[in-house]
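Student: I would like a close look at one part of this model. Please take me through the place where the two chains meet, and the charged pairs there.

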Amino acid sequence: MYELINQISRWAIPVMLLFIPLLAFIKKVPVFETFVEGAEAGFSTAIKTIPFLTAMLVAVSIFRASGAMELLASWISPVLNMVGIPADILPHAVMRPLSGGAALGIATEIIKTHGPDSFVGRLVSTMQGSSDTTFYVLTLYFGSVGIRKYRYAVASGLTADFTTLIASIMICKLMF
Amino acid sequence: MVNYVWLGMVVFGILVAGAQGHIEVVTKAALDGAQIAVQTSLSLIAIITFWLGIMKLAEAAGLVQGLAKVVRPITGFLFPSIPKDHPAMGAIVMNLSANILGLGNAATPMGLIAMQELQKLNKHRPDTASEAMCTFLALNTGCITIIPTTIIGIRVLYGSQEPTEIVGTTVFATLCGMIVAILADRLLRSLYRNRW
């Protein structure tokens with residue numbers, strides 16, 4: 001099953017790149033001109049995201065480098081220990097919605113220290129694989145079209161993140 | 001809400017740095033963050049330009065509209081405000097497919113394309129997220145993942161006996177996240193509708 005999915009992942013994009021221009025050509029689309037016409041907006045789209053990403057990453061960077069994140073984690077960990085959740089995963093849980101790179105770094109560190117097949121190693125693997133960097137996606141996607149008022153998107157995104165975290169812990173306790 | 005989170009991180013971070021006696025890290029951290037932001041955006045130029053070109057071809061060939069038609073029963077339920085056969089639907093579906101397969105670097109540009117299409121429908125308040133945009137973001141961050149490629153790679157690297165054993169737990173956790181994302185979106189949508 002894994003092998004099959006792996007092969008699909010490997011082939012998906014090359015097949016698309018073959019299929020789309022060919023089909024367009026058969027349908028008498030001027031393929032080169034159309035590609036260029038579409039690609040034109042790429043530069044401005046990427047540039048438009050800069051102020052939004054800067055704002056978010058500056059805050060995340062200060063929050064992490066100052067030690068505030070670790071402090072926050074140490075405050076919550078006694079509560080987590082009471083319900084049997086290992087405190088080791090807390091920095092990852094806090095960082096995951098904020099910064100993909102930092103969360104991956106923390107996950108790697110935990111896997112290196114405890115081993116990939118330890119309970120904490122499996123749990124942090126599940127957490128890393130199952131959630132996304134909500135704030136990055138929010139800032140990047142909304143920033144690219146100049147949306148400033150996010151309304152309830154932050155709340156629903158974080159609710160999903162929190163659910164995924166709880167579900168990861170529950171299923172790992174059950175399975176491993 | 002994002003205003004509170006943002007201000008909270010900055011203020012709390014600076015206060016903690018000051019209290020712990022290493023206030024000097026703040027300036028460096030702030031500029032490092034800005035540096036990474038600009039680098040990320042610049043490196044996105046190539047990949048976005050490329051995918052926007054391919055997507056325009058797919059649109060001209062009628063593929064995006066065809067895809068939108070196939071998944072209309074689901075997307076019609078999730079995005080009632082998007083007209084049938086609108087290119088936004090095709091882009092949303094392609095973005096979510098890339099997420100499901102763990103093709104991270106293809107998912108981002110598709111998501112940006114979907115946002116641009118959604119913005120074309122969002123004429124009244126161009127600086128405010130539309131309901132469809134909020135739903136799309138909730139689905140995007142809480143999307144089911146079948147193959148978490150990166151973490152499997154790291155598990156292999158550190159000598160796991162069974163690197164893929166976390167696929168099942170990941171699918172379960174993301175499925176829960178997705179269901180709750182859809183429910184939360186629906187609930188918050190109706191709450192906000194009454195307020196606005």
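Tutor: What follows is a walk across the interface, then a look at the core and the cysteines. Keep in mind that this is a predicted model.

Start with the extent of the meeting. On one side, 96 residues of chain A take part, and they are in contact with 103 residues of chain B. Together the two chains bury about 8300 Å² between them. Carbon and sulfur atoms give 78% of that area. Three residues of chain A stand out: A:Tyr141, A:Arg151 and A:Tyr152. They supply 11% of the area that chain A buries against chain B, more than any other three residues.

Now the polar side. Between chain A and chain B, 19 residue pairs are in polar contact. Helix α10 of chain A, residues 153-175, gives the largest share of the side that touches chain B, with 16 residues.

Next come the salt bridges. The whole structure has nine of them over all chains. Four lie across the interface of chain A and chain B.

Take one pair, B:Arg155 and A:Asp117. Their side chains meet in a salt bridge, with N to O at 3.4 Å. Why does this pair join two chains? B:Arg155 sits in helix α8 (residues 149-157) of chain B, while A:Asp117 sits in the loop between α7 (100-114) and α8 (119-130) of chain A, so the bridge runs from one chain to the other. Are the partners buried or exposed? B:Arg155 is buried, at 0% relative accessibility. A:Asp117 is partly exposed, at 25%.

Another pair is A:Arg122 with B:Glu165. Here the N to O distance is 2.6 Å. This pair also crosses between chains: A:Arg122 is in helix α8 of chain A, and B:Glu165 is in the loop between α8 and α9 (166-195) of chain B. A:Arg122 has a relative accessible area of 19%, so it counts as buried, the cut-off being under 20%. B:Glu165 is buried too, at 16%.

Now put the two pairs together. A:Asp117, A:Arg122, B:Arg155 and B:Glu165 are linked in a network of salt bridges.

For contrast, look inside chain B. B:Glu117 forms a salt bridge with B:Lys120, their closest N and O atoms being 3.2 Å apart. Both lie in helix α6 (residues 104-121) of chain B, three residues apart, or about one turn of the helix. B:Glu117 is buried, at 8% relative accessibility.

Turn to the nonpolar residues. The largest nonpolar core has 96 residues, and A:Phe142 and B:Phe79 have the most contacts inside it. Helix α2 (residues 24-60) of chain B gives the most to this core, ten residues. A second, separate core has seven residues, including A:Val58, A:Ile62, B:Val26 and B:Ala30.

B:Phe79 itself touches several residues beyond its sequence neighbours, among them B:Met89, B:Ile92 and B:Phe136. B:Met89 is also touched by B:Thr75, which contacts B:Val93 as well. B:Thr75 lies in helix α4 (residues 72-78) of chain B. At 6% relative accessibility, B:Thr75 is buried.

Last, the cysteines. How many disulfides are there over all chains? The count is zero. The sulfur of A:Cys172 has its closest cysteine sulfur in B:Cys176, 12 Å away, so the two are too far apart for a bond. A:Cys172 is buried, at 0% relative accessibility. B:Cys176 is partly exposed, at 21%.

Technical notes
Residues numbered from 1 in each chain as written. Chains lettered and ligands numbered in written order. Predicted model: local features only at pLDDT ≥ 70, side-chain atom pairs only at ≥ 80, totals over all residues. Heavy atoms only, no water. Core = buried A, V, L, I, M, F, W, Y, C linked by side-chain atoms within 4.5 Å. Buried < 20%, exposed > 50% of the residue type's maximum accessible area, 1.4 Å probe, protein only. Helix = DSSP H or I, 4+ residues; strand = E, 2+ residues; numbered from the N terminus. Contact = heavy atoms within 4.5 Å. Disulfide = S-S within 2.5 Å. Buried area = accessible area lost by both parts, 1.4 Å probe. Polar contact = N/O pair within 3.5 Å; in protein donor to acceptor, adjacent residues only side chain to side chain. Lists of a residue's contacts leave out its neighbours within four places in sequence.
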